[in-house]
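Reader: Pick one spot in this model and give me a close look at it. Then work outward from there, so I can follow along on screen.

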Amino acid sequence: ADLPIMMRDHFKLTAGVRYRFNSIDFDETDTVFSSQSLDLHRLEVPANLWIDRGPWKFWLKLQPGVTSDFDDIGSDAFTLTALGLASYQLSEKLSIAGGVYFSQDLGEARLLPALGLVWRPSPQWSLSLTAPRFKIAYAPSRKWLLTLNAYPSGGSWNIQDPDGEGQADLNLSAIRTGIGIEHQIGDTPAWIFVDAGMQFLQELELDGSTESFNEDIDAAAFVNFGLKVRF
């Protein structure tokens, strides 16, 4: 839930709470977790600031949180996701963007450049190439939106070391590609959506334990569905 705090013509501030639950089943694996399952939690407080200054647009995002199995929360369970991005509109159809992105939600802590462009050849079409994300969007009408996406996915959790006391880090990384359909509910700001596709290059790693491992995972299908509110 991200809610508007201050909304102006050239200035927008939002904040909220975000919770994610993951359950990983280790049946038929040769890891230390063989025939077990782990319940993993991520609780975050995101804040976003947007500034619009003519051809220039700025976006700052700070998202501190806790990622853990909640059995024993150590200092490494506290995480931060941050984004600083500036874009400049070169023409009516083309904008360029640059900045930095820091996340521990890509399998491990990473600082990545956020460079790319956004091309809008018509009001219905847009192409976004902002590393490490790729997106094509088509709006056949004002109430429908179709997308094609490719982006990194995964997560990182600080968990109780399965080999004894202390903590270890469990990292999941993947590349997700898929298509999405969104539809506006009446004249409200609410949109229902469905995303579906495949996850490739999946890898699960336990780091910081005497039972550390690094396992490749077969490609798998995914489906997301839910509700978005646009303001």
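Author: Let's get burial straight before anything else: a residue is buried under 20% relative accessible area, exposed over 50%, and partly exposed in between, using a 1.4 Å probe and protein chains only. You're looking at a predicted model, where local features need pLDDT of at least 70 and side-chain atom pairs count only at pLDDT 80 or more, while totals for chains, interfaces and linings use all residues. Numbering starts from 1 along each chain as its sequence is written, and side-chain values use heavy atoms, with hydrogens and water left out.

The spot I'd pick is threonine 79. Its relative accessibility is 10%, so threonine 79 counts as buried. You'll find threonine 79 in strand 7, residues 78-89; strands here are DSSP runs of E with at least two residues, helices are H or I runs of at least four, and both are numbered from the N terminus. What does threonine 79 touch, leaving aside neighbours within four places in sequence? The list is Arg42, Gln63, Pro64, Gly65, Val66, Thr67 and Gln104, with contact meaning heavy atoms within 4.5 Å.

Now follow the chain back from there. The loop between strand 6 (56-68) and strand 7 holds isoleucine 73, and phenylalanine 70 is in the loop between strand 6 and strand 7 too. Isoleucine 73 has 43% relative accessibility, which makes it partly exposed, and phenylalanine 70, at 39%, also counts as partly exposed. Have a look at the backbone of phenylalanine 70: phi is near 65°, a positive value in a residue other than glycine. Most residues other than glycine have a negative phi.

Phe70 and Ile73 also belong to a nonpolar surface patch, along with Val17, Tyr19, Phe21, Leu43 and Phe78, and together these residues have about 700 Å² of accessible area. That area comes from the Shrake-Rupley method with a 1.4 Å probe, and for residues only the protein chains shown count as cover. A patch takes residues with over 30% relative accessible area and no salt bridge, joining nonpolar side chains (Val, Leu, Ile, Met, Phe, Trp, Tyr) within 5 Å and like charges within 9 Å.

From the surface, go to the core. A nonpolar core is a set of buried Ala, Val, Leu, Ile, Met, Phe, Trp, Tyr and Cys residues joined through side-chain atoms within 4.5 Å. The largest one has 13 residues, and Ile159 and Leu170 touch the most other members. Two or more residues each come from strand 4 (37-44), strand 12 (144-160), strand 13 (167-184) and strand 14 (190-207). Strand 13 contributes the most, with three residues. If you click on leucine 170 and skip residues up to four places away in sequence, its contacts include Ile24, Leu38, Leu40, Trp157, Ile159, Leu204, Leu206 and Phe213.

Strand 14 also has an oddity worth zooming in on. Leucine 201 is placed in strand 14 and has a positive phi of about 50° although it is not a glycine. With 71% relative accessibility, leucine 201 counts as exposed.

Let's jump to the N-terminal end. Strand 1 (residues 2-7) and strand 2 (residues 11-16) run antiparallel, joined by five bridges; two strands pair if DSSP finds at least two bridges between them. One such pairing puts leucine 3 opposite its bridge partner, alanine 15, in strand 2. Three residues make the hairpin connection from strand 1 to strand 2.

Last stop, the charges. Six salt bridges turn up in the structure, each a side-chain nitrogen of Lys or Arg within 4 Å of a carboxyl oxygen of Asp or Glu. In one of them, arginine 18 pairs with aspartate 2, with the closest N and O atoms 2.9 Å apart. Arginine 18 sits in strand 3 (residues 18-25) and aspartate 2 in strand 1, so this pair ties together parts that are 16 residues apart in sequence. Another joins aspartate 187 to lysine 143, at 3.4 Å between the closest N and O atoms. Aspartate 187 is in the loop between strand 13 and strand 14, and lysine 143 in the loop between strand 11 (133-141) and strand 12, so the two link parts 44 residues apart in sequence. Aspartate 187 is exposed at 76% relative accessibility, whereas lysine 143, at 29%, counts as partly exposed. Finally, Glu182, Lys228 and Arg230 form one network through salt bridges that share partners.
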